[in-house]
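User: I am new to this structure. Please take one helix and its surroundings and walk me through that part closely.

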Amino acid sequence: MAAAALGSSSDSTSPAVAELCQNTLETFLEASKLLLTYADNILRNPNDEKYRSIRIGNTAFSTRLLPVRGAVECLFEMGFEEGETHLIFPKKASVEQLQKIRDLIAIERSSRLDGSNKSHKEELSQQSAASTQLPTTQSSNPNGLTQHARNSQGQPSNPSSAPMVIADSVILQVLRSNMQHVLIYENLALQEKALACIPVQELKRRSQEKLSRARKLDKGTNISDEDFLLLELLHWFKEEFFQWVNDILCSKCGGHTKSRGEALFPNDDELKWGANRVEDHYCDACQFSNRFPRYNNPEKLLETRRGRCGEWANCFTLCCRALGFEARYVWDYTDHVWTEVYSPSQQRWLHCDACEDVCDKPLLYEIGWGKKLCYVIAFSKDEVVDVTWRYSCKHEEVISRRTKIKEEVLRETINGLNKQRQMSVSENRRKELLQRIIVELVEFISPKTPKPGELGGRISGSVAWRVARGEMGLERKETMFIPSEKEKISKQLHLCYNIVKDRYVRVSNNNQTISGWENGVWKMESMFRKVETDWNMIKLFAPIMIFLVPLKLFWKQN
């Protein structure tokens with residue numbers, strides 16, 4: 001039900017308060033009371049720091065505000081900003097804006113306490129009761145999707161806005177199989193087998209060297225030994241251990257083959273290792289049909305060491321667990337998989353894609369590859385989490401595509417599934433998982449801004465394969481300088497770049513200016529411009545800690 005239908009006066013001035021008004025009467029009154037308390041504490045004690053921050057793990061916040069539609073968005077509209085473990089009301093924030101949102105909430109609260117909308121309360125209560133009843137078809141299904149932070153950008157989920165089924169069979173099938181599959185990574189004998197393949201000491205030596213260099217450059221870094229070891233594991237896995245497969249070589253003559261796009265029946269040995277699908281790669285030279293089984297057992301993948309994203313993520317996640325990292329296997333509905341690794345030093349989950357040798361670039365798929373994301377689900381031994389919002393900065397577009405399963409069914413099912421999975425874990429571990437998911441949900445609320453390194457297209461797989469999947473990314477303009485008549489006569493082309501103003505000056509052509517360093521470049525690799533506002537410095541470089549690649553920058557003159 002829209003906020004306007006409740007007689008809300010805040011609809012046109014505060015989307016967050018309008019969203020808050022859509023909750024049941026009891027939920028609204030409880031959440032609004034706490035929001036007013038937070039606001040009034042600041043207004044009464046504007047110089048007292050203790051009232052200007054809210055700990056995300058605080059019981060009142062995590063139970064009375066975080067699950068409530070529009071509540072955290074109200075705090076953001078007041079002026080609160082997201083910190084590592086707290087929401088902060090910074091000194092630069094407008095107290096007038098805080099007062100405005102506070103007054104809007106107070107008006108809505110007053111109108112409901114006065115009983116001016118009794119008929120609407122009854123209707124809302126009926127809707128609330130109906131929404132908590134899951135379809136009977138769900139009771140026999142033990143699977144589901146994860147906790148879901150309210151729809152981002154303050155927009156409510158509207159199941160009636162597009163055709164929607166109660167549950168998509170593909171999603172439920174993936175949930176069933178992946179929830180069970182990730183338990184194989186906990187097999188100690190299998191972890192030992194993986195460790196035997198990994199040059200652990202060499203990776204540790206490399207990571208220590210790079211960590212030492214990083215700490216000299218940034219003494220305040222919170223990146224740990226484990227974070228650098230993870231980066232080395234990623235690089236080793238892609239460059240030295242695993243091989244990408246487009247078309248396999250013929251096992252008979254060694255020549256090139258081409259996939260015929262047909263599936264062969266798996267034999268008993270292939271089925272033993274989870275290869276339910278076998279591709280037929282045909283060799284024209286010797287007319288021989290080659291089998292390419294798509295193994296799903298990471299133990300077998302430690303031997304074959306080849307495949308596509310499914311095999312890569314499967315085997316890499318095992319390697320992460322073998323080295324002691326907490327890892328998740330991440331499945332994307334639009335056909336990709338990767339890994340997430342928890343960083344204790346940064347207290348957050350890091351996106352890791354072994355196929356691309358990238359870490360902590362979650363917007364790579366949506367911004368760089370051009371994917372139209374809708375459901376991204378992470379699986380571990382302890383939980384299933386809907387992490388879609390980490391991988392998107394276009395939350396409204398994502399919401400419009402989430403039509404495969406009702407949102408309330410996703411939330412309730414995954415909550416039940418996680419409760420069942422965590423019955424055997426200790427109380428301390430449950431508290432730890434709860435604290436993490438609270439921090440994670442707050443992270444999901446605010447869409448991210450793309451970072452350097454998240455703008456490029458896919459690099460794994462053949463060009464034809466990437467084009468076919470629409471994952472080449474945006475084309476970049478190549479600039480070429482063509483001498484003007486004046487420059488031809490003077491036989492001189494004089495071009496300067498001002499790093500502070502970020503512009504070119506073509507001195508030899510009447511001081512013509514070109515804004516933006518990338519707009520004068522013919523080709524470039526792994527370059528971006530960083531402004532250090534606190535040091536009053538500007539650098540043109542590739543960051544050392546993550547993007548350890550050669551720098552290449554080319555200008556071209558005709």
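**Helix α10 and its neighbours**

Analyst: Start with the chain as a whole. Of its contacts with a separation of 6 or more, 66% join residues 24 or more positions apart. The model is a predicted one. Its chain has 558 residues, and 47% of them are buried. The secondary structure comes to 19 helices and 21 strands.

Now to the chosen part, helix α10, which covers residues 225–241. Is α10 enclosed or open? It is largely enclosed by the rest of the structure, because 12 of its 17 residues are buried. The buried set includes a run from Asp 227 to Leu 234, written out as Asp 227, Phe 228, Leu 229, Leu 230, Leu 231, Glu 232, Leu 233 and Leu 234. Trp 236, Phe 237, Lys 238 and Phe 241 are buried as well. Charged residues are thus among them: Asp 227, Glu 232 and Lys 238.

Next, the core. In soluble globular proteins, nonpolar side chains tend to be buried together. Here the largest nonpolar core holds 58 residues. Five of them touch the most other members: Leu 230, Leu 233, Phe 237, Phe 316 and Phe 379. Helix α13, residues 309–322, gives this core its largest share, 9 residues. A second core is separate and has 54 residues, among them Leu 36, Ile 56, Val 68 and Trp 338.

Look at Leu 230 by itself. Leaving aside residues up to four places away in sequence, Leu 230 touches Phe 316, Cys 320, Phe 325 and Val 341. It also touches Leu 350, Cys 352 and Cys 359.

How do two packed helices get described? By the angle between their axes and the distance between the axes. For α10 and α13, the angle is about 135 degrees and the axes lie 11 Å apart. That angle makes α10 oblique to α13. The crossing is right-handed. On the α10 side, the contact uses Leu 230, Leu 233, Leu 234, Phe 237, Lys 238 and Phe 241. On the α13 side, it uses Trp 312, Cys 315, Phe 316, Cys 319 and Cys 320. By class, this contact has 10 nonpolar residues, no polar ones and 1 charged.

Helix α10 has another partner, α9, residues 200–217. Their axes come within 8 Å and cross at roughly 125 degrees. That makes α9 oblique to α10. This crossing, too, is right-handed. From α10 come Asp 225, Phe 228, Leu 229, Glu 232, Leu 233, Trp 236 and Glu 240. They meet residues of α9 including Leu 203, Lys 204, Arg 206, Lys 210, Leu 211 and Arg 215. What is the make-up of this contact? It has 7 nonpolar, 2 polar and 7 charged residues. Leu 233 serves in both places: it meets α13, and it meets α9.

One more helix completes the surroundings. Helix α8, residues 188–197, packs on α13 at about 95 degrees, with axes 9 Å apart. That makes α8 roughly perpendicular to α13. Leu 190, Gln 191, Ala 194 and Leu 195 of α8 make the contact with Leu 318, Arg 321 and Ala 322 of α13. Those residues divide into 5 nonpolar, 1 polar and 1 charged.

Last, a residue in the loop between α7 and α8: Asn 187. It is partly exposed, with a relative accessible area of 38%. Asn 187 and Ala 322 are 135 residues apart in sequence, yet their C-alpha atoms are 9.3 Å apart.

Technical notes: Residues numbered from 1 in each chain as written. Predicted model: local features only at pLDDT ≥ 70, side-chain atom pairs only at ≥ 80, totals over all residues. Heavy atoms only, no water. Core = buried A, V, L, I, M, F, W, Y, C linked by side-chain atoms within 4.5 Å. Buried < 20%, exposed > 50% of the residue type's maximum accessible area, 1.4 Å probe, protein only. Helix = DSSP H or I, 4+ residues; strand = E, 2+ residues; numbered from the N terminus. Contact = heavy atoms within 4.5 Å. Axes fitted to C-alpha atoms, helices over the stretch in contact; angles between N-to-C directions. Parallel < 35°, antiparallel > 145°, perpendicular 65-115°, else oblique. Left-handed = near helix turned anticlockwise from the far one by under 90°.
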